[in-house]
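This briefing covers the sheet, the enclosed and open spaces, and the cysteines of one protein model. Please consult the sequence and the structure alongside the text.

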Amino acid sequence: MLANIRSAALLGIDAYPVECEVDIAPGLPTFQTVGLPDAAVKESKDRVKSALTNSQFPFPVQRITVNLAPAYTKKEGPSFDLPMAVGILVASGKLPAHCVEGCWMVGELALDGKVRPIRGSLPISLAAREAGVRALLVPPENAKEAAVVQETPVFPVRTLREAYEVLAGLKKLEPVKIDLENEFLQHSSYRVDFSDIKGQENAKRAMEVAAAGGHNILLVGPPGSGKTMLAKRLPTILPPLTLEEAIQTTKIHSIAGTLGRRRALLATRPFRSPHHTISDAGLIGGGTIPRPGEVSLAHHGVLFLDEFPEFNKNVLEVLRQPLEDGQVTISRVQSSLTFPAQFMLAAAMNPCPCGYYTDPSRECVCSPRQIQKYLGRISGPLLDRIDLHIEVPSLKWKEISDTAPSEASAPIRERVCRAREIQGIRFQGSGIHANAQMTPALMREHCRLNDPSQSLLQSAMEKFGLSARAYDRILRVSRTLADLDGVPDLEPRHVAEAIQYRNLDRSVWRS
């Protein structure tokens, strides 16, 4: 007898329907899986057999063939265990075929019949909504995440026996419902705040400018000056996530398996801080079946690269495409996948190998050649893609011992949101949300300079030998500074402050 169970598989950050066809025929006892299964799918036969037996279901001593259609796409992971087991129950006559009509199901089976969590339940639920299913059976740990798609009836099943009873109508379950607004409120707070940082007013100002315009930022300073503290608090001054952004970000983390059990949504901006030993595939994404890397996990958030020059050069160079395009394309022989990667890059580095170059309180022991070689690990094209380069000096005793409260993240975030609102009106309908994403045509329209500003920028270009890309970055930052001030025109003070944020272009670093 033939059974057809509907399930889903992941491709990139989306899911697509899969038909799990189970045929039981007379012959020598075998269990064969076809349809481009990977090793984990092939091993399902052993898990399914033990789960059926330990759930008090007879296992057919016949020839069993499972086909996962469409057969031209590779299937991976253990999420097909549950549909395979239910398919065997239907094909062997233990469950009527009409009970599974309009139902999708996913889940890994333990040997005792328990249903274990899987990756990607949110994109699977979105695909189920498009297909108009009447029920989606998922592991309990994935139920809240799948229920984010409120049009999809989600039913959590703890065991294979419970799944059988629900499908057969022997047990009544209510679909899982969640309050998205309440879910946002519960998880929208940050554990850190800008009020934790003492001193560093110039650096705080630069972080505010970066957040207001979506600009990338590089922090340069000696060890212990607070670079990492500043970077970790950058998400707290970014505008709150919208529901659409939260769903997009949650999809990526769900596929990567980093969302966490029993959590429905990511309600805060992601902050990713990979170690400098990471590979280019780990940063960008990859694998036989490509999975998202750190740049995609930081989508709508912040990617923080500490000890910037210590990263392998080939790893840093692959950042160029996502920094420019906001997405990553990974090509394989059989397919090409595109992952979103719209993130803010925050990087931190010491000014030299010992860390104390330009520090007035500590003597640098590095030779000029060592310093030049250290800074040379970051290529010019990559450095040009970072809008703000700022120095973070060591704190003085007066700043460390000061007990006066520092400005908190909330008022800074309010100013950032006002600047972003101006940009939202300016770029309405263009698909651009921040000044850092402006195209040359939009820059010509919105970044016009008056004569004093033009002369100031010309002098800076000639003195520092800035590139054409650096010129564009200065204009974008100047536009953000004007938005923070709430004025329509770029004034010389905006251009002057933007030039100050091109720190590594100055002669003290290049000499």
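Which residues line the largest cavity? In this predicted model, the lining consists of Leu10, Leu11, Gly12, Glu76, Arg119, Ile255, Ile289, Pro290, Arg291 and Leu337. The points below begin with that cavity, then turn to the pockets, the sheet and the cysteines.

**Cavity**

- The structure contains one cavity of 30 Å³ or more.
- The space within the largest cavity amounts to about 70 Å³.
- Sorted by class, the residues lining the largest cavity comprise six nonpolar, one polar and three charged.

**Largest pocket**

- The volume of the largest pocket is about 1,200 Å³.
- Its lining is made up of 39 residues, and Gln342, Ile432, His433, Ala434 and Gln437 are the closest to the centre of the pocket.
- Two or more lining residues come from each of the elements α10 (243-256), α14 (320-325), α18 (409-426) and α21 (468-485).
- The lining of the largest pocket includes 13 nonpolar, 14 polar and twelve charged residues.

**Second largest pocket**

- The second largest pocket encloses about 500 Å³ of space.
- Its lining counts 18 residues, with Tyr190, Arg263, Thr268, Arg269 and Phe271 lying nearest the centre.
- At least two residues of this lining are supplied by α7 (180-187), and at least two by β11 (271-272).
- By class, seven residues of the lining of the second largest pocket are nonpolar, six are polar and five are charged.

**Sheet arrangement**

- An open sheet is formed by five strands in the order β11-β14-β17-β10-β18, with parallel pairing.
- Strands β11 and β18 occupy the edges and have a single partner strand each, so one side of each lacks a neighbour in the sheet.
- Strand β11 runs parallel to β14 (residues 302-305), and two bridges join them.
- Within this pairing, phenylalanine 271 of β11 has valine 302 in β14 as its bridge partner; Phe271 also lies among the residues nearest the centre of the second largest pocket.

**Strand β10 and its partners**

- Strand β10 spans residues 217-220; Ile217 and Leu219 point one way, Leu218 and Val220 point the other way, and all are buried.
- Strand β17 (residues 344-349) is parallel to β10 and is joined to it by four bridges.
- Across this pairing, isoleucine 217 is placed opposite alanine 346 of β17.
- Strand β18 (residues 388-391) also runs parallel to β10, and four bridges join the two.
- Across the pairing with β18, valine 220 is placed opposite glutamate 391.

**Cysteines**

- A disulfide is a covalent bond between the sulfur atoms of two cysteines.
- Searching the whole structure yields zero disulfides.
- Cysteine 364 takes part in no disulfide, and the nearest cysteine sulfur, belonging to cysteine 352, is 3.7 Å away.
- The cut-off for a disulfide is a sulfur pair within 2.5 Å, and the 3.7 Å separation of cysteine 364 from cysteine 352 does not meet it.
- Is cysteine 364 buried or exposed? Its relative accessibility is 22%, so cysteine 364 counts as partly exposed, given that buried means under 20% and exposed over 50%.
- Cysteine 417 is likewise partly exposed, its relative accessible area being 21%.

Technical notes. Residues are numbered from 1 along each chain as its sequence is written. This is a predicted model: local features need pLDDT of at least 70, side-chain atom pairs count only at pLDDT 80 or more; totals for chains, interfaces and linings use all residues. Side-chain values use heavy atoms; hydrogens and water are left out. Buried means under 20% relative accessible area, exposed over 50%, partly exposed in between (1.4 Å probe, protein chains only). Two strands pair if DSSP finds at least two bridges between them. On a 1 Å grid over the protein atoms alone, a cavity is a set of points where a 1.4 Å probe fits but cannot get out, and a pocket is an open set with protein on both sides within 12 Å along at least five of seven lines; lining residues have an atom within 4 Å of a point. Grid points are joined across faces, edges and corners, and a volume is the space filled by probe spheres set on the points. Ala, Val, Leu, Ile, Met, Phe, Trp, Tyr, Cys and Pro count as nonpolar, Asp, Glu, Lys and Arg as charged, and the others, Gly among them, as polar.
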